[in-house]
Amino acid sequence: MLRRDLISTLSLDRAKGFLLRYGRACGYNDGETIERMYNWESKKELILAGPALHTLEGIVTVEPDVLEFDDNKLYMSGFWRYSFEAEEHIQHFGYSEEAVCWILVGYVKGYLEKTYGKEIVIYEKSCTGKGDDYCYFVAQTAEHVEPEHREILHYYQEESLGTELDKMYSQVSTMNKSIIRSNQVQKQLTNLLLEGNTLSCLIDYLSTVLGRSVVIEKSPLNKPLVASFLNAASEKIYQQQLTMSPTDRQIDSFEISANKLSFGRLIIIGSKPITQEEIMIVENSISVLSIHLHTQKTMALSLQKEQSEFFDSLVNSTVDTQSLIQKASQLFTFDIEKSSRIIVIKNVLKENTEGIGILIKDLYPTVDLFIKNSCLVMVLGPFLEKEHPIEKLVEEVRKLIEHNFPQAKFFIGAGRNSNSIDELGKSYLDAFRICDFLDLTYPQKNNAAIFEKINPTIMLFLKTMEPEELFAFCNKILGRLIEFDEKNDANLIQTLRCYLDNNCKVNKTANDLNLSIPGLRYRLEKITSLCDADFKTGSGAFQCQIAIQFYYAVKVINIHRS
């Protein structure tokens with residue numbers, strides 16, 4: 001009961017110190033008494049009397065295992081059987097993560113220090129109190145024990161139970177003040193939130209209260225969302241944190257989450273270690289910040305849904321033009337009646353979509369951006385495209401994604417430039433069709449294409465039929481011919497294209513290709529054997545023309561990508 005109440009009252013660590021000192025006093029007194037009572041033939045006999053006495057007193061059954069000593073060094077080990085301490089600890093508190101025979105450890109220390117005459121360190125290599133099969137102790141002179149076992153010595157510093165209780169009271173009092181202060185900070189943050197203040201205002205207040213710099217990093221990329229730096233030194237520490245050693249960083253990180261959703265991290269930067277009171281303030285503040293961030297995210301998702309529905313209405317013509325223009329002015333920053341363009345990023349790894357959106361928004365703050373079916377949709381107004389020509393912008397976005405998401409698989413499609421609300425809907429459809437086209441033709445690598453760079457005939461076919469059908473059609477007509485060219489480094493497709501462009505005139509084609517007539521005829525015979533259409537007939541020539549246009553559209557995109 002004494003052990004149970006000490007642990008419950010003082011805490012496990014303080015009770016351990018109290019019981020170690022109690023055991024040491026018992027062992028020292030027993031050693032002093034028994035040494036005085038008898039004339040011992042040797043010091044070894046006196047030392048071994050300790051385990052026997054401990055057993056006879058009914059405290060524990062001791063089985064010495066090793067005893068080696070001289071005038072300067074001692075090593076002793078042995079088994080403790082039926083340790084009452086281990087049994088009582090398990091009964092009241094369950095199995096422990098550390099050895100729990102503290103009175104026994106203290107007793108051996110006190111007895112040996114009195115009978116051997118030097119400072120001794122005792123530790124348990126195994127203990128039934130933490131689930132081991134048996135208790136096994138080791139005793140060594142302090143100067144010869146390993147450093148990690150010397151840490152137990154601080155528990156033997158003389159302190160009364162009253163001192164321990166005074167410390168506990170002081171800690172409880174300090175903790176109570178910390179709780180009151182952290183609640184006051186949380187209440188003030190809540191008031192600021194309800195008054196409609198921005199996230200920056202909340203962070204500035206928290207920074208002032210803590211006297212530390214504060215940064216919120218946004219998930220999933222952990223990029224700074226808002227920051228309040230007290231000085232340039234703190235900002236430098238934050239910027240260099242990845243290259244600094246942990247002891248030099250002076251940074252503490254806390255996750256901001258609610259309902260199993262992570263909204264980012266709260267980074268605290270200071271010149272000295274963070275205190276327990278400051279941790280309580282931060283943890284209470286996180287509940288307010290998570291509400292703010294959750295509200296922002298909910299509003300952003302709602303806006304994205306409305307933006308997506310707007311384009312659905314635009315494409316399906318379910319709302320009159322004037323209503324669409326009015327709706328667009330509420331949902332977007334660009335002027336819908338001026339030049340604009342749609343870019344779609346089709347992300348194969350859907351979990352990267354939000355992170356890619358954050359990157360793009362950081363690079364182009366004025367762009368309108370929303371998510372549609374795991375695709376990112378960017379609306380480029382005239383000013384943005386003026387500052388960033390479309391080819392340059394697409395290339396910047398491609399490099400940005402590849403740098404930050406090396407494993408990402410994505411396709412970028414830029415629709416036509418539009419000057420009216422009707423054309424904007426067409427640009428929207430163009431961008432999605434181009435992405436599907438790229439996904440079909442280059443499924444294993446990232447790619448990008450712009451409406452103006454794709455043959456109009458191909459865009460027409462993409463509009464009227466599924467890309468898979470167009471791809472299958474081209475492969476059926478020219479598949480073996482393409483395979484032959486790739487394997488033999490030939491150029492029969494170019495020969496066929498030139499021949500068809502010249503209305504199947506042999507002389508004209510031979511001159512254009514700088515070939516002899518027999519040489520051209522040989523090539524045409526080879527093409528005939530590989531091509532799954534009779535290009536010398538009207539319908540066959542038309543099919544080959546379409547397949548060739550598709551083939552060269554793919555080639556152009558590949559060249560642009562390189």
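**Exercise 1.** In this predicted model, find the bridge partner of Ile216 in β6, then place the two strands in their sheet.

*Solution.* Let's start with the pair itself: Ile216 has Val226 as its bridge partner in β6. Next, look at the strands around this pair. Strand β5 covers residues 213-218 and is joined to β6 by five bridges, the two running antiparallel. Now widen the view: β6-β5-β8-β7 is the order of an open sheet of four strands, paired in antiparallel fashion. At the edges lie β6 (223-228) and β7 (251-258), each of which pairs on one side only. From one strand to the next, the twist averages 25 degrees.

**Exercise 2.** Which strands does helix α11 touch, and what angle does its direction make with that of β7?

*Solution.* Helix α11, residues 276-316, packs on the sheet and touches β5, β6, β7 and β8 (261-269). Its direction and that of β7 make an angle of about 45 degrees.

**Exercise 3.** Check the span of α11 against its number of residues, then follow the helix to its end.

*Solution.* First, the expected value: with 41 residues at 1.5 Å a residue, α11 should span 60 Å. Then compare: the end C-alpha atoms of α11 are 59 Å apart, so the two values agree. Along the way, α11 bends by about 25 degrees at Ile286. After the helix comes Ser317, with a positive phi near 55 degrees.

**Exercise 4.** Repeat the check for helix α2 and name some of its buried residues.

*Solution.* Helix α2 (residues 12-37) has 26 residues, so at 1.5 Å a residue it should span 38 Å. Its end C-alpha atoms are 37 Å apart, which agrees. Among the buried residues of α2 are Leu19, Leu20, Asp30 and Ile34.

Key
Residues numbered from 1 in each chain as written. Predicted model: local features only at pLDDT ≥ 70, side-chain atom pairs only at ≥ 80, totals over all residues. Heavy atoms only, no water. Pairing = 2+ DSSP bridges. Axes fitted to C-alpha atoms, helices over the stretch in contact; angles between N-to-C directions. Contact = heavy atoms within 4.5 Å. Expected span 1.5 Å × (residues − 1). Bend = angle between axes of the 7 residues up to and from the residue. Buried < 20%, exposed > 50% of the residue type's maximum accessible area, 1.4 Å probe, protein only.
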